[in-house]
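Here's a quick briefing to read alongside the model. Have the sequence and the 3D view open as you go.

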Amino acid sequence: MIKHTIECIRFREEMEFAKILWLTQWPNHCEKCYGQGIFTRYDSVDYGSTRVSMPFDEPCETCYEANTCPRCGSSIPEQCFEAFWDDGNPCPICGYAWGRGKGDVMPDWDGDCGCDWLDDTILNGLQKDWLEEELRETKKEDRQNASNALEPNCNT
Ligand SMILES: [Zn+2]
Ligand SMILES: [Zn+2]
Ligand SMILES: [Zn+2]
């Protein structure tokens with residue numbers, strides 16, 4: 001069981017919120033690519049005597065075949081087809097720009113945070129020290145407050 005840090009939990013909540021916001025804002029988004037529009041695929045090609053894996057970009061087939069914008073889901077006007085799909089121009093309806101613009105793609109996160117690197121025992125040890133320190137400070141303050149309260153107030 002991974003214990004996430006406070007920062008991580010906050011970050012997770014923010015990401016979740018941004019995701020919901022995007023989905024609400026673009027209800028007709030593509031269910032396949034979630035605004036990505038392009039998938040990177042790998043092709044094995046001959047390179048001298050060996051074969052290497054070459055990345056190449058391919059448009060989301062769901063969007064491409066339907067000729068719809070990956071984000072707003074609107075039909076791309078016929079006269080914009082080439083400019084949109086071949087030249088990567090923005091969507092004439094919502095301005096979607098293939099991930100170049102802010103909010104083009106649904107904010108997502110693979111959940112890899114590195115919290116599992118924090119050893120539980122170290123974390124617990126730190127928390128224990130920190131708690132004891134806090135308690136000491138609080139007790140000191142309480143004593144001070146108590147002695148302050150005993151002082152007669154002469155200004156009333
Ligand atoms: Zn985490
Ligand atoms: Zn798509
Ligand atoms: Zn659009």
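A residue is called buried if 20 or more other C-beta atoms lie within 10 Å of its own, exposed if 12 or fewer, and partly exposed in between. Keep that scale in mind for what follows, and bear in mind that this is a predicted model. By that yardstick, buried residues make up 13% of the 156 residues in the chain.

**Overall layout**
- You'll find four helices and two strands in the chain.
- Starting at the N terminus, the order of elements is α-β-β-α-α-α.
- Of the contacts with a separation of 6 or more, 53% link residues 24 or more positions apart.

**The hairpin**
- Strand β1 covers residues 38–47 and pairs with β2 in the antiparallel sense, over 10 bridges.
- The two strands, β1 and β2, make a hairpin with two residues between them.
- One to look at in the turn is G48, which has a positive phi of about 65 degrees.
- If you want a landmark in the pairing, Y42 has P55 in β2 as its bridge partner.
- Strand β2 (residues 50–59) is hardly covered, with zero buried residues among its 10.

**R41, on strand β1**
- R41 sits in strand β1, and it counts as exposed because it has 11 C-beta neighbours inside 10 Å.
- Setting aside neighbours within four places in sequence, R41 is in contact with F56 and E58.
- M54 is 13 residues from R41 in sequence, and the C-alpha to C-alpha distance between them is 8.2 Å.

**The largest nonpolar core**
- Five residues make up the largest nonpolar core: C69, I76, F84, C91 and Y96.
- I76 is a handy way into this part of the model: apart from neighbours within four places in sequence, its contacts are N67, T68, C69, F81, F84 and C91.

**P107, in a loop**
- P107 lies in the loop between α3 (81–85) and α4 (120–150).
- Is P107 buried, exposed or partly exposed? P107 has 17 C-beta neighbours inside 10 Å, so it counts as partly exposed.
- Which residues does P107 contact, leaving aside its neighbours within four places in sequence? They are M15, A18, K19 and W22.
- Take A18 as an example: A18 and P107 are 89 residues apart in sequence, yet 6.4 Å apart in space, C-alpha to C-alpha.

Terms used
Residues numbered from 1 in each chain as written. Chains lettered and ligands numbered in written order. Predicted model: local features only at pLDDT ≥ 70, side-chain atom pairs only at ≥ 80, totals over all residues. Pairing = 2+ DSSP bridges. Contact = placed C-beta atoms within 7 Å. Core = buried A, V, L, I, M, F, W, Y, C linked by C-beta atoms within 7 Å.
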